[in-house]
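Student: I'd like to take a close look at one part of this model, the places where charged side chains pair up. Could you walk me through it slowly?

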Amino acid sequence: METLVRCGFMLTGVGGYVRLGDKIECLPNPTTNQTLLRWEADMDRIEIISESGQRVLTFNVSGLTQKVVDMSHMSSGIYFVRFLSGSSIVATKKLIKQ
């Protein structure tokens, strides 16, 4: 099956689109040490962004559908997880670190 990704939507068939953000999980959320990021569409990169907008972590995830992120060394607070395909942001999820 060929997947078309445009503006955060995935073509699933004739007239069918699924929001890619609905197919992305951050578990557990809130987290204390590790979180599992899981997605179904092709992603190239994941970025973890602090509440102040600073890029804290970046991962190359081409060919993967999940990534365990160790957040034990990070301060408590709100982070944003950006899922990117090429130069486009496919989805952004809020992640709370306790």
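Student: Let's start with E25: is it buried, partly exposed or exposed, and why does it count that way?

Tutor: Happy to, and keep in mind that this is a predicted model. E25 counts as partly exposed, because its relative accessibility is 35%, and that falls between the cut-offs of 20% for buried and 50% for exposed. Now look at what its side chain is doing: E25 meets R38 in a salt bridge, with 2.9 Å from N to O. These two come from distant parts of the chain, since E25 sits in strand β4 (residues 25-27) and R38 in strand β5 (residues 34-38), 13 residues apart. R38 is partly exposed too, because its relative accessibility is 32%. As a bit of background, side chains of opposite charge can pair when their charged atoms come close.

That pair has company, as a search of the whole structure turns up five salt bridges. Let's move on to E47. Its relative accessible area is just 4%, so E47 is buried; the cut-off for that is under 20%. One of its partners is R45, and the closest N and O atoms of R45 and E47 are 3.3 Å apart. R45 is partly exposed, with a relative accessible area of 27%.

E47 also forms a salt bridge with R82, where the closest N and O atoms are again 3.3 Å apart. Here E47 belongs to strand β6 (residues 45-50) and R82 to strand β9 (residues 77-85), so this pair ties together parts that lie 35 residues apart in sequence. R82 counts as partly exposed, at 28% relative accessibility. Step back a little and you'll find one network: R45, E47, R55 and R82 are joined by salt bridges that share partners.

So where do those strands sit? Follow the open sheet of four strands in the order β7-β6-β9-β10, paired antiparallel. At its edges stand β7 (55-60) and β10 (88-97); each has a single partner strand, so one side of each is left without a neighbour in the sheet. On average, neighbouring strands here are turned by 20 degrees against each other, ignoring direction. Between β6 and β9, which run antiparallel, there are six bridges. If you want one to find on screen, go to S50, whose bridge partner in β9 is Y79. That gives you two kinds of link between β6 and β9: the strand bridges and the salt bridge from E47 to R82.

Note on methods:
Residues numbered from 1 in each chain as written. Predicted model: local features only at pLDDT ≥ 70, side-chain atom pairs only at ≥ 80, totals over all residues. Heavy atoms only, no water. Salt bridge = Lys/Arg side-chain N within 4 Å of Asp/Glu carboxyl O. Buried < 20%, exposed > 50% of the residue type's maximum accessible area, 1.4 Å probe, protein only. Pairing = 2+ DSSP bridges. Axes fitted to C-alpha atoms, helices over the stretch in contact; angles between N-to-C directions.
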